[in-house]
Amino acid sequence: MLKSRSIFGLISIIALTLTNSSLAATTTTTFTVTATVVATCSVSATNLSFGNYDPVSVSDLDATNTVTVTCTDGTSYDIGLDAGIGSGATVATRKLTNAGNTLDYTLYQDAPRTTVWGETVSTDTLSATASALPANHTVYGRIDSGQNVPTGLYSDTITVTVTY
């Protein structure tokens, strides 16, 4: 009899537990998760080295470098190159300098060297739209032949600006 009371007691406890669980109430809600992806860009550039210029040569001296732009996917951007720091320079005629002497050169957007690369958005900048990967853009440089200048190392500094 003690054994049947113990079993009956255990069954009663289980039944009460199940009854209380089935009477428990629940409620739910939802919440929104958001993130805003902003347009952003970064830029880097390699140096452009023309090497040795021969003032008496009849051939132009050409060289290239690379501007690398990384922007948020789908971002439209323009790359501008300023006139440099040479006194009297323009985007059409930049100036390499050495102790007051200048050696003119030009930077172009295309391999045939017909489209000058400047800094006025929608006029003489290079326009592109970003993909998921960094984009390499070639800068085509040229020193025209026939510039009789003294020997020495001539240099300039160009600032690259990405507008997006």
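Is A99 buried or exposed? The first legend takes up this residue, as it appears in a predicted model.

**Figure 1. Close-up of A99 in the loop between β4 and β5 of the predicted model.** Strand β4 spans residues 94–98 and strand β5 spans residues 101–108, with A99 placed in the loop that joins the two. The relative accessible area of A99 is 76%, so this residue counts as exposed, the cut-off being over 50%. Its backbone carries a positive phi, near 50°, in a residue other than glycine. Most residues other than glycine have a negative phi.

**Figure 2. Close-up of R113 in the loop between β5 and β6.** Strand β6 covers residues 126–129. R113 is not a glycine, yet its phi is positive, at about 60°. With a relative accessible area of 12%, R113 falls under the 20% cut-off and is therefore buried.

**Figure 3. Close-up of the open sheet formed by β6, β3 and β8.** The three strands are arranged in the order β6-β3-β8, and their pairing is antiparallel. Strands β6 and β8 (160–163) are the edge strands, since each pairs on one side only. From one strand to the next, the twist averages 25°. Strands of a sheet pair through backbone hydrogen bonds, in either a parallel or an antiparallel manner.

**Figure 4. Close-up of the pairing between β3 and β8.** Strand β3 comprises residues 76–81 and pairs with β8 in the antiparallel sense. Four bridges connect these two strands. Within this pairing, I79 stands opposite V162 of β8.

Key: Residues are numbered from 1 along each chain as its sequence is written. This is a predicted model: local features need pLDDT of at least 70, side-chain atom pairs count only at pLDDT 80 or more; totals for chains, interfaces and linings use all residues. Side-chain values use heavy atoms; hydrogens and water are left out. Buried means under 20% relative accessible area, exposed over 50%, partly exposed in between (1.4 Å probe, protein chains only). Two strands pair if DSSP finds at least two bridges between them. Axes are lines fitted to C-alpha atoms, for helices over the stretch in contact, and angles run from 0 to 180 degrees between N-to-C directions.
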